[in-house]
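Q: I am new to this structure and would like a close look at one part of it. Could you walk me through a single neighbourhood, step by step?

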Amino acid sequence: MVAVAVLGYGTVGSGVVKVIETNHDSILKKTGVDLQVKYVLDLREFPGDPVQEKLVHDYDVIINDPEVRIVVETMGGLNPAYPFTKRTLEAGKCACTSNKELVAKYGTELLATAREHQVSYLFEASCGGGIPIIRPLRTSLGADVIDEITGIVNGTTNYILTKMSEEGLEFDDVLRDAQQKGYAERNPEADVEGHDACRKIAILSSLAYGKRVDFTDIYTEGITKITSAEVCYAQKLGMAIRLLAYSHMDVENDGRVTAMVAPFLVAKTDPLYFVNGVFNAIFVHGNMLGDAMFYGQGAGKDATASAVVADVIEEAQTLGRSVMSEWSPEKQTMQPVAETEKQFFVRVSGNADDCGEVKNVFGAVSIVQADLDGEYGFITPVMTEAAYQECAAKLEGQILGMIRIRG
């Protein structure tokens, strides 16, 4: 029997308990691991819930119990998640988490601590919810040099953008709907401003490229500026708007990495076009494999909990040694986003019949009209971000919005 403690009995924590107890016999039969939840840590009481018998309010009860071999952190945030996880590893107990904020900020340190104490620190559910992506990166794709990762990694924003497209609604209206349905938090900033996706691509890039990618170095732009007008133009172009998290390692240029999170226009020929609602998809490119796509429900209680329990099982099967899932503490050299090239779709005020100034500034543009009064759009030639900003400054006051185009 392997005793497990769960920190936090919220959405994911209660899901972890449910998966372990509901699927106990199946897990035992398939893996030979007899998992038992011994403690659940939470400040609240849960009268009428069977978890009440396992509930503790003092973390020291868990850390001082030698029977507890694995601690699952589902509290979220950094405090007390970080000190509790650090103490867990230092006490010679394995830890796993779905907390992408913790892994993005302290993952390098916690992985080193785990290795020092011959235990494991795993975080499969931190990046793709229920989608297996981290384990494939370190095992199935271990023979490949990974040079690119692109994905829709936030179910909340993908739900909002899908709903705006299907029903012609504005951002604020769909956000309220998402909050009512439980897809968005009461304070949705981390999702809609792109911070959640930024942390996830930082973790995936660090694992894939072998050096620490600091999430604070990643250019990040959310979806709060997307309006029904952008959606209208996207439909006119036969495209969809998706918030993409993207990173690329230039293996021929000192291994420099470009990373960004931003809304992109995606064509129908791109599989990401068809990823709708709360679903996520992650593309990985390897030098031998080529493209591989991981698709599934990126969020939700049961899906995320399933990924967490998969980590618990692996740790139970490898007790006494540290499962290798790490990156160098050396900071990754980043290429400035200003140097990267792409096409841009731009909304401007005015009449398409009088677009001479736009053409003088941007060159050979393609005009796009969507029957919206007092404005039109255009697609730029391929240009750097810096060149776009320089041109856009010359049209100050005329530009109503911009979205990058995925090439």
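A: Let's start with Tyr121 in this predicted model. Not counting neighbours within four places in sequence, Tyr121 is in contact with Thr85, Leu89, Ala95, Thr97, Leu102, Val103, Leu110, Leu111, Ala114 and Glu315. Tyr121 also belongs to the largest nonpolar core, a set of 101 residues. Within that core, the residues with the most contacts are Val16, Leu35, Tyr121, Phe123, Ile133 and Ile160. Helix H11, residues 195-209, supplies the largest share of the core, nine residues. As background, nonpolar side chains in soluble globular proteins tend to be buried together. Apart from this core lies another one of 17 residues, including Val346, Ala352, Tyr376 and Tyr388.

Next, look at Ala95, one of the residues that Tyr121 touches. Ala95 sits in strand E5, which covers residues 94-97. Its relative accessible area is 3%, so Ala95 is buried. Leaving out residues up to four places away in sequence, Ala95 touches Val71, Thr85, Thr88, Leu89, Ser120, Tyr121, Leu122 and Glu315. Thr85, Leu89 and Glu315 are therefore found in the contact lists of both Tyr121 and Ala95. To see how far the other core's Val346 is from here, compare the two positions: Ala95 and Val346 are 251 residues apart in sequence, and their C-alpha atoms are 47 Å apart in space.

Several of the residues that Tyr121 touches lead us to a pair of helices. Helix H4 spans residues 81-90 and helix H5 spans residues 100-116. Two packed helices are described by the angle between their axes and the distance between the axes. For H4 and H5 the angle is about 15°, and the axes are 10 Å apart. Because angles under 35 degrees count as roughly parallel, H4 is roughly parallel to H5. The crossing of H4 past H5 is right-handed. On the H4 side, Ala81, Tyr82, Thr85, Lys86, Leu89 and Glu90 take part, and they meet Leu102, Tyr106, Glu109, Leu110, Thr113 and Ala114 of H5. Sorted by class, this contact between H4 and H5 has seven nonpolar, two polar and three charged residues.

The loops around these helices have details of their own. Ahead of H4, Pro80 lies in the loop between strand E4 (68-73) and H4. A cis peptide bond joins Asn79 and Pro80, with omega at about 15°. Beyond H5, Gln118 lies in the loop between H5 and strand E6 (121-122). Gln118 is not a glycine, yet its phi is positive, near 55°. Most residues other than glycine have a negative phi, and most peptide bonds are trans. Gln118 has a relative accessible area of 43%, so this residue is partly exposed.

One more loop residue completes the tour. Thr318 lies in the loop between helix H13 (301-317) and strand E14 (328-331). At 7% relative accessibility, Thr318 counts as buried. Beyond its neighbours within four places in sequence, Thr318 is in contact with Ser120 and Val323. Ser120 is also one of the residues that Ala95 touches, which brings us back to the neighbourhood of Tyr121, itself among the contacts of Ala95.

Note on methods:
Residues are numbered from 1 along each chain as its sequence is written. This is a predicted model: local features need pLDDT of at least 70, side-chain atom pairs count only at pLDDT 80 or more; totals for chains, interfaces and linings use all residues. Side-chain values use heavy atoms; hydrogens and water are left out. Axes are lines fitted to C-alpha atoms, for helices over the stretch in contact, and angles run from 0 to 180 degrees between N-to-C directions. Helices (H or I, at least four residues) and strands (E, at least two) are DSSP runs, numbered from the N terminus. Angles under 35 degrees count as roughly parallel, over 145 as roughly antiparallel, 65 to 115 as roughly perpendicular and the rest as oblique. A crossing is left-handed if the near helix is turned anticlockwise from the far one by less than a right angle, and right-handed if clockwise. Contact means heavy atoms within 4.5 Å. Ala, Val, Leu, Ile, Met, Phe, Trp, Tyr, Cys and Pro count as nonpolar, Asp, Glu, Lys and Arg as charged, and the others, Gly among them, as polar. A nonpolar core is a set of buried Ala, Val, Leu, Ile, Met, Phe, Trp, Tyr and Cys residues joined through side-chain atoms within 4.5 Å. Buried means under 20% relative accessible area, exposed over 50%, partly exposed in between (1.4 Å probe, protein chains only).
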